[in-house]
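Visitor: Please pick one part of this chain and take me through it closely. Explain each term when it first comes up.

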Amino acid sequence: MSEPAAGTAADLVLGGRYRLGEPIGQGAIGTVHRAHDESLGRDVAVKILARPTARAREVRADDEEVRLLTHLNHHNLVTLLDAGTDLSDPDRPQVYLVMELIDGPDLKSRLVDGAMTLRDVAQIGVDLAEGLDYVHDHGVIHRDVKPANIMMFDYSNDTDRVRAKLTDFGIATVMEAPLIGDGADDGSFAGTAAYVSPEQAMGKPIGPPSDIYSLGLVLLECLTGTLAYPGPPLQAALARLMHAPELPPGLDPQWTRLLEAMTATDPAARPTATVSW
């Protein structure tokens, strides 16, 4: 790992333990750094929250919610290892989440190249449905399923099988604050505007079906290479209240039935993560 330049965030050692390296990702919620856990001698990923709420500024590893998230262990989830608030500078508390480091691109980067094959999308769908089924069974709602929160990787260079891991699960719960549309500043929706469920867009209580809806939009984007609901955050979020996502003509009937069910406006009409696949 390269040495950080002096005077940057990469000089920080958070919680007296996690030495930050170069940034490897950035979004509306915060910045992800490659880091080194000096206590255990391993590389990890550390996300520093950009605009923590008063609640989030008191995040501790022994908080009930954080403890639940760090005990989740599934091969289709990026493991949350630790969380805390670094108070080295009392005027600038650094709320951070420590996660398993995945050496691979996220799905958002992969989609820059356009649509994916039916086989690859099916494999990704299986992985993500299994991960969501596990977290839902443990009472956790992801709230922000989107390509940027899906890491692509392989086991032992197995190029015959596309694999995916879901990351950032439970962050909205830990922050106790709405997430926002990429690049937006209004903070109006509990999720990323292009992928929120209708009930999220309306500010209603959500459950596992909300994640299923978001996953349906992600899979649809993988098949088409384009967003189902493009545009500014408010416009994108409200569009799903007016019309269902447009499915590509000629799509296999099984895929059509699946995506129509996953993106049903009524949460009760959507399949569970187990039934989806």
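**A close look at strand 3**

Guide: D37 is buried, with a relative accessible area of 0%. Buried means under 20% relative accessible area, exposed means over 50%, and partly exposed lies in between, using a 1.4 Å probe and protein chains only. Before going on, note that this is a predicted model, in which local features need pLDDT of at least 70, side-chain atom pairs count only at pLDDT 80 or more, and totals for chains, interfaces and linings use all residues. Residues are numbered from 1 along each chain as its sequence is written, and side-chain values use heavy atoms, with hydrogens and water left out.

D37 belongs to strand 3, which covers residues 30-37. Strands, like helices, are DSSP runs numbered from the N terminus; a strand (E) has at least two residues, a helix (H or I) at least four. Strand 3 is mostly covered, with seven of its eight residues buried.

Next come its neighbours. Two strands count as paired if DSSP finds at least two bridges between them. In general, strands of a sheet pair through backbone hydrogen bonds, either parallel or antiparallel. Strand 3 pairs with strand 2 in the antiparallel sense over six bridges; in this pairing, L20 has A35 of strand 3 as its bridge partner. Strand 3 is also joined to strand 4, again antiparallel, by eight bridges. There, H33 stands opposite V46 of strand 4. Strands 3 and 4 form a hairpin with four residues between them, where G41 takes a positive phi near 65°.

The wider setting is an open sheet of six strands in the order 1-2-3-4-6-5, with antiparallel pairing. Its edge strands are strand 1 and strand 5 (80-86), each of which pairs on one side only. Strand 1 is joined to strand 2 by two bridges, and the two run antiparallel. One of the bridge pairs there is L14 with Y18 of strand 2.

Now the charged side chains. A salt bridge is a side-chain nitrogen of Lys or Arg within 4 Å of a carboxyl oxygen of Asp or Glu. By this rule there are nine salt bridges. One of them joins D37 to R17, with the closest N and O atoms 2.8 Å apart. This pair links distant parts of the chain: R17 sits in the loop between strand 1 (13-14) and strand 2 (18-26), and the two residues are 20 residues apart. R17 has 22% relative accessibility, so it counts as partly exposed, whereas D37 at 0% is buried.

A second salt bridge brings in strand 3 through R34, whose partner is E22, with the closest N and O atoms 3.6 Å apart. E22 is in strand 2 and R34 in strand 3, twelve residues apart. R34 counts as buried because its relative accessibility is 18%, while E22, at 29%, is partly exposed. Shared partners also matter here: salt bridges join R17, D37 and R42 into one network.

Just past strand 3, E38 meets R19 in a salt bridge, at 2.6 Å from N to O. R19 is in strand 2 and E38 in the loop between strand 3 and strand 4 (42-49), 19 residues apart. Both ends are partly exposed: R19 has 38% relative accessibility and E38 has 42%.

To recap, strand 3 is a mostly covered strand with antiparallel pairing to strand 2 and to strand 4.
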